[in-house]
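Reader: I keep running into structural vocabulary that I half trust. Could you show me how such words get assigned, with the cut-offs on the table?

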Amino acid sequence: MNTKPVTLARFQTIRFTFFSCLCAGVLCARANEYQEARVFITAPGAPPAGAPASAATEAVRPMLLADRGFQTFEPLDQPDEHVPTIIIDEGKTFQTIIGFGAAFTDAASTTFGKLPKESQEQFLRACFDPTEGNGYTLCRTTIHSCDYSGEMYTYDDTPGDKDLKDFSIAHDLKDRVPFIKRAQAAAGGNLRLFASPWSPPAWMKTNNDMLHGGKLKPEYNQTWADYFVKYLQAYAREGIPIWGLTVQNEALATQVWESCIYTADEEKDFVKHFLGPALEHAGLSQVKLMIWDHNRGLIYQRAQPAYDDKDASKYIWGTAFHWYTGDHWDNVRIVHDAFPDKHLLYTEGGIGGTWPAALRLSRNVIYDLNNWTEGWVVWNLMCDQEGGPRHAGGIPGAGSGTIVNADTTTGKLSFNPPHYVFGQFSRFIRPGAKRIPCTSSSDEFIATAALNPDGSIAVVVNNLTDKETFFRVWRRGQALRYTSPPNATMSFLFQPSAAPK
């Protein structure tokens, strides 16, 4: 069994042999036929029935983005409702996918900076290279420190400095800015960044503390809005344009680390009267401004007052959200249904390095994409061998908060199972892809699908069970037959060939 991770360089060789016709630079999807699909699988592996758990068989070994070759379509007019079937239709499209990625925290940046050059290059290829790696194109970063920072700091620690005369991003120039620039180059320049604050400086807050919640003092509303502007301008001068902003990370969480509380109305009013106008006045209205940046459970309650207020809504691009308290996937769809002109972005998923974590990741990405989410970003790009560094709180233990661990003493990288599961999405659903109808006839399988700009179709299927199961992927009178390993995440890449004239 081939367990070697696929590289897109190998995939691209096949891709262009099936390339389809273009109409004035736009793909004519209906003019294409799809004869076969190339299959890639990530699965934990399991022993055959009756074999001991320690059996050293090919079936036991995990598959990590394993290239399983081609599978051809066969004619099938009517699927059987008793056979698990994934049904797709590229003739209709939904939201445009922005991309996938992870966060440039201080923990990731510091860890990266301590690695030998060969390990740094290995990491950049694995995560950002568009042909050899996961091809990340959408990443997050933090505005000064967060829980995954080695120390607490801001860009202006001078109490009462309303004019921000002492503002400086000097702290970031040591590790974070160089790391981002290296990633930009590895991604071929195709990397969007959005930034989030965990707390204003302590001197701007009611509790005089960056930690333990507290609120922004009203007299510093304008100063804090100007702080965002100075941050954007400072990063732009370093050659790092910031694509988007969230108003506040986890705006209802009082944490032992950096945190700040906003009610829905407080966040709306800050955007309406201060942050939105400050961005507009500085010529930065193109920056995508997002509210909430917290869990799905209250997402509608947070979005509704901001979007119903036209003077606030005009500044807001969309709603950001996380996954930490329950699933609540339907809530995401309901926000879209109520406010279809607004956007939805998944912006943080702290995740361990285990197979259960990988399976949770797969399930959440599929459900969120199917409920109108346009991009999905996990937490730290990497952590060290202790799961840090962290200055306050966080989740202790190696493998926590990250999908890649790096041993800063040996330089060894550990690409954990979630890295490969996430690659099943990020490698094959590319920026500019449009989600298409994709349904499952079985409770044992969930799936999502997208039509890429080059005309290829990516279908990602998750076997929710711990058993090997036969299923089909059906499209317009033809079906692809496949047997899924237990708990597998599978990508099916359909390449278009021009229909006969």
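Author: Sure, let's start with Thr141, which is found in strand 8 (residues 138-143). A strand here is a DSSP run of E with at least two residues, a helix is a run of H or I with at least four, and both are numbered from the N terminus. One thing up front: this is a predicted model, where local features need pLDDT of at least 70 and side-chain atom pairs count only at pLDDT 80 or more, while totals for chains, interfaces and linings use all residues. Residues are numbered from 1 along each chain as its sequence is written, and side-chain values use heavy atoms, with hydrogens and water left out.

Reader: Why is Thr141 called buried?

Author: Buried means under 20% relative accessible area, exposed means over 50%, and partly exposed lies in between (1.4 Å probe, protein chains only). Thr141 comes out at 0%, so it counts as buried. Its contacts (heavy atoms within 4.5 Å) beyond four places in sequence are Phe104, Arg176, Ile180, Phe194, Ala195, Ser196 and Tyr231.

Reader: What makes Asn452 buried, given that it is found in a loop?

Author: The cut-off again: Asn452 has 3% relative accessibility, so buried it is. The loop in question runs between strand 20 (445-451) and strand 21 (457-463). A polar atom of the Asn452 side chain lies 2.9 Å from the backbone nitrogen of Arg430. That fits the definition of a polar contact: a pair of N or O atoms within 3.5 Å, where one must be able to donate a hydrogen and the other to accept it, and residues adjacent in sequence count only if both atoms are side-chain atoms. Past its neighbours within four places, Asn452 also has contacts with Phe428, Ile429, Ala433 and Ala458, among others.

Reader: How do you know that Cys383 is in no disulfide?

Author: A disulfide is a pair of cysteine sulfur atoms within 2.5 Å. A search of the whole structure turns up zero of them. For Cys383, the nearest cysteine sulfur belongs to Cys146 and sits 9.8 Å away. Cys383 is buried, by the way, at 0% relative accessibility, and Cys260 is buried with a relative accessible area of 0%.

Reader: What makes strand 23 largely enclosed?

Author: Five of the seven residues of strand 23 (residues 478-484) are buried, so the rest of the structure largely encloses it. In the open sheet of five strands, ordered 5-23-22-6-19 with mixed pairing, strand 5 and strand 19 (438-440) are the edges, each pairing on one side only.

Reader: How do you know that strand 23 pairs with strand 5 and with strand 22?

Author: Two strands pair if DSSP finds at least two bridges between them. Strand 5 (residues 74-75) has two bridges to strand 23, running antiparallel, and strand 22 (residues 469-475) has seven, antiparallel too. Gln478 is the bridge partner of Pro75 and also of Arg475, while Phe471 stands opposite Tyr482. Strands 22 and 23 make a hairpin with two residues between them, and Arg476 in the turn has a positive phi of about 45°.

Reader: How do you know that the length of helix 10 agrees with what is expected?

Author: The expected span is 1.5 Å times one less than the number of residues. Helix 10 (residues 355-370) has 16 residues, so it should span 22 Å, and its end C-alpha atoms are 23 Å apart, which agrees. At its start, a side-chain oxygen of Thr354 comes within 3.1 Å of the backbone nitrogen of Ala357. Its buried residues include Ala358, Leu361, Val365 and Leu369. An α-helix has 3.6 residues a turn, so residues three or four places apart point the same way.

Reader: What is the confidence in the model?

Author: pLDDT is the predictor's confidence in each residue, from 0 to 100. The mean for the protein is 91, with 88% of residues at 70 or more. Residues 9-31 stay under 50, though the model gives them 43 contacts beyond four places in sequence. Residues 53-57 are below 50 too, with four contacts beyond near neighbours in sequence.
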